[in-house]
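Visitor: Could you walk me through this structure, one question at a time?
Guide: Sure, have a look at it first and then ask away.

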Amino acid sequence: MADQDKSIKINTSPADATVGVDGPYASARRIIVRELDAMLSHIDDRACADLVTALRDARRICVAGAGRSKLSAQGFAMRLMHLGLRAHVAGDVTTPSLGPGDLLVVCSGSGETPTSVVTAKRAADAGARIAAVTANGDSSLARRADLVILLPEYSQNQEPDRSVQFVGTLFEQGALLFFDSLVLAYEWLHEVDPRQMHARHTNLE
């Protein structure tokens, strides 16, 4: 999420993205897919493995974020529930208090979003472990976290911090795909039966 109280640095302009002969919409889709591939290919597999272990071992898991980052985190919480894990979203009225043995997963591109940083501090003070999913490894959130997953933004040509999309957009897209990749890896590693996952899906829709 782009913090509203911070100046926004724009690294690219629309002119940097060449529109192909197939038109602006197809060109936009192509660029986004290439940027996502560049971004996700730079994620550290060791950090992913550590997070999967932390998810497995946690008594309870809570996710947090703001804006579009929170939407990505909420989708992750839903899939964690499908996996059979005890998952909650920070701020929901049914979310219990956290403490030792619990894990808070915070999603923030800048790592400086005030509500996310405060949420992490409160959880850590209560004894919970903190996992940060962020684009900024030198942020307040990353420094407080026990586990850090870095999702730095890249251009389609593998250039750091050169996404042609509006600030924060690539991180938010990448966070959603990262979380889904983590869920699928968890399924494989822990032999989760998809039929059991389906059986846990809400029947109140």
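Visitor: Where is Glu 191 found?
Guide: We're looking at a predicted model here. Helix 7 covers 194–200, and Glu 191 is not part of that helix. Glu 191 is found in the loop between helix 6 and helix 7.

Visitor: Is Glu 191 buried or exposed?
Guide: Its relative accessible area is 73%. The cut-off for exposed is over 50%. So Glu 191 counts as exposed.

Visitor: What is phi of Glu 191 near?
Guide: The value is positive, and Glu 191 is a residue other than glycine. Phi of Glu 191 is near 50 degrees.

Visitor: Which loop holds Asp 161, and what is its phi near?
Guide: Asp 161 sits in the loop between strand 5 and helix 6. Here too phi is positive in a residue other than glycine. For Asp 161, phi is near 55 degrees.

Visitor: Why does Asp 161 count as partly exposed?
Guide: Partly exposed is the class between the buried limit of 20% and the exposed limit of 50%. Asp 161 falls in that class because its relative accessibility is 48%.

Visitor: Ser 163 lies in the loop between strand 5 and helix 6; is Ser 163 buried or exposed?
Guide: Buried means under 20% relative accessible area. Ser 163 has 7% relative accessibility, so the label is buried.

Visitor: Which side chain makes a polar contact with the side chain of Ser 163?
Guide: The Ser 163 side chain also has a polar atom 3.1 Å from the backbone nitrogen of Gln 165, but that is a backbone partner. For a side-chain partner, look for the polar contact at 2.8 Å. That partner is Glu 35.

Visitor: How far apart in space are Ser 163 and Glu 153?
Guide: Along the sequence, Ser 163 and Glu 153 are 10 residues apart. From C-alpha to C-alpha, the separation in space is 6.4 Å.

Visitor: Which residues touch Pro 152, leaving aside its neighbours within four places in sequence?
Guide: Pro 152 is in the loop between strand 5 and helix 6. With 22% relative accessibility, Pro 152 counts as partly exposed. Its contacts beyond those neighbours are Met 39 and Ala 135.

Visitor: At what angle do the axes of helix 1 and helix 6 cross?
Guide: Two packed helices are described by the angle and the distance between their axes. For helix 1 and helix 6, the axes come within 10 Å. Their crossing is right-handed, and the angle is roughly 65 degrees.

Visitor: Which residues of helix 6 make the contact with helix 1?
Guide: On the helix 1 side, the contact is made by Ile 32, Glu 35, Leu 36, Met 39 and Leu 40. By class, this contact has 8 nonpolar, 2 polar and 1 charged residues. On the helix 6 side, the contact residues are Leu 170, Phe 171, Gln 173, Gly 174, Leu 177 and Phe 178.

Visitor: Which helix supplies the largest share of the largest nonpolar core?
Guide: That core has 37 residues, and Phe 178 is among those that touch the most other members. Helix 1, helix 2, helix 3 and helix 6 are among the elements that each supply at least two residues. The largest share, 8 residues, comes from helix 6.

Visitor: How many residues are in the second, separate core?
Guide: Ile 130, Ala 132, Leu 141 and Ala 145 are included in this second core. Its total is 13 residues.

Visitor: Which residues does Ser 72 touch, not counting those up to four places away in sequence?
Guide: Ser 72 lies in helix 3. Its relative accessibility is 6%, so Ser 72 counts as buried. The residues Ser 72 touches are Glu 172, Ala 175, Leu 176 and Phe 179.

Visitor: Where is Arg 129, and how far is its C-alpha atom from that of Arg 144?
Guide: Arg 129 belongs to strand 4 and counts as partly exposed, at 39% relative accessibility. Arg 129 and Arg 144 are 15 residues apart along the chain. Their C-alpha atoms are separated by 9.7 Å.

Note on methods: Residues numbered from 1 in each chain as written. Predicted model: local features only at pLDDT ≥ 70, side-chain atom pairs only at ≥ 80, totals over all residues. Heavy atoms only, no water. Core = buried A, V, L, I, M, F, W, Y, C linked by side-chain atoms within 4.5 Å. Buried < 20%, exposed > 50% of the residue type's maximum accessible area, 1.4 Å probe, protein only. Helix = DSSP H or I, 4+ residues; strand = E, 2+ residues; numbered from the N terminus. Polar contact = N/O pair within 3.5 Å; in protein donor to acceptor, adjacent residues only side chain to side chain. Axes fitted to C-alpha atoms, helices over the stretch in contact; angles between N-to-C directions. Left-handed = near helix turned anticlockwise from the far one by under 90°. Contact = heavy atoms within 4.5 Å. Nonpolar A, V, L, I, M, F, W, Y, C, P; charged D, E, K, R; others polar.
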